[in-house]
Amino acid sequence: MTFLLIENLCKRYGATEAVASSSLAIEKGEFVSLLGPSGCGKTTTLQMIAGFVEVTSGRIVLDGRDITHAKPASRGLGVVFQSYALFPHMTVRDNVAFGLRMRKVASAEIARRVDQALALVRLDKHAERYPRELSGGQRQRVALARALVIEPPVLLLDEPLSNLDAHLREEMQFEICRIQNEVGITTLMVTHDQAEALSISDRVVVMEAGRITQVDDPYRLYEHPGTPFISDFVGKANRLRGAIGPGGQPQANAQGPLTLSLRPEKISLGPAGSGKLAGRISCRYFLGSQWLYRVDTALGNLAVVRANDGNRPLDEGTQVGLDWNDALLRVLNAGEVAA
């Protein structure tokens, strides 16, 4: 049964449509990410659900209750902001307890629930510290604990990892996943980072120009992007012209009427004269665990990714043969090939 329903949700600012007739059904306990570039409407959608932005049209239903025009406090949702919004003059314990005190919860119950929340985010030994004494990751976990301690029906995360460095961001992705799995709370996260969305979400909702363009589980979204925008935004992709060959199988063809997508890691490099297509390595980039090659071919300049296996990389100027399984070609919109 649908737990959180967004139905034909729309937000207009004058003549500008920030969110256009968007619908989404989220199940109880599900982790869903709104993914898209800046200005696509994902944060506005989250803020309408939270009650911070007024809905122009459409409705929001939570566990059978219409909350479209309810005050934010009456919705009882847990929200973690991009800035964490911690009170600098309060200890970790007092920051986490704040929402419970505002709800007039008994002192003994506050103490019990705060201890439980701090243990959940592994900050029970830092309860008497102040935010300035914590690392970025620890401050983020305080914000999570403060949102979870009120036992909300839904947790809303607005770009929760964007203020962290790359290493810590990756570490915290899995920390959020662990906490969400342990609590079992329905979670909606806004992010512009496709790796973040793919790694921890049950489903990913891609937004473009105020509209939801694809809703899928992470693997299917990556392997079967529905549009050229999604193929480029969710991971790297080569766009090729092509046509449908015998047996209904897409095939690359420089004069073909269709747009095909082929991921760089799906292409293998062999010696000159091998494979489906001849090419010449124009440049290479070292990515640590991988090498990224740009290869000039009759189908255009293609990206090819190979694992760093410790062997010497191919030199620029090397003649190579490119090969792939045609079953890995994905049909996008006809005629839209990247320049």
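An open sheet of 4 strands (strands being DSSP runs of E with at least two residues, and helices runs of H or I with at least four, numbered from the N terminus) has the order E12-E11-E13-E19 with antiparallel pairing, where two strands pair if DSSP finds at least two bridges between them. Strand E12 (250-252) and strand E19 (330-331) each have a single partner strand and stand at the edges, so one side of each lacks a neighbour in the sheet. Strand E11 (residues 238-244) is joined to E12 by 3 bridges in the antiparallel sense, and glycine 242 has alanine 252 of E12 as its bridge partner.

The model is predicted, with local features requiring pLDDT of at least 70 and side-chain atom pairs pLDDT 80 or more, while totals for chains, interfaces and linings use all residues. Residues are numbered from 1 along each chain as its sequence is written, and side-chain values use heavy atoms, without hydrogens and water.

Pockets were located on a 1 Å grid over the protein atoms alone, as open sets of points with protein on both sides within 12 Å along at least five of seven lines, lining residues having an atom within 4 Å of a point. The largest pocket has a volume (the space filled by probe spheres set on the grid points, which are joined across faces, edges and corners) of about 450 Å³. Its lining comprises 17 residues, with Leu77, Val79, Phe81, Arg103 and Ile150 nearest the centre, and helix H2 (72-75), strand E6 (78-80), helix H3 (92-102) and helix H5 (136-148) each give two or more residues to this lining.

The second largest pocket has a volume of about 300 Å³, and helix H7 (residues 194-200) provides the largest share of its lining, 3 residues.

Methods. 1 Å grid on protein atoms, 1.4 Å probe; cavity = no way out; pocket = protein on both sides within 12 Å on 5 of 7 lines; lining within 4 Å.
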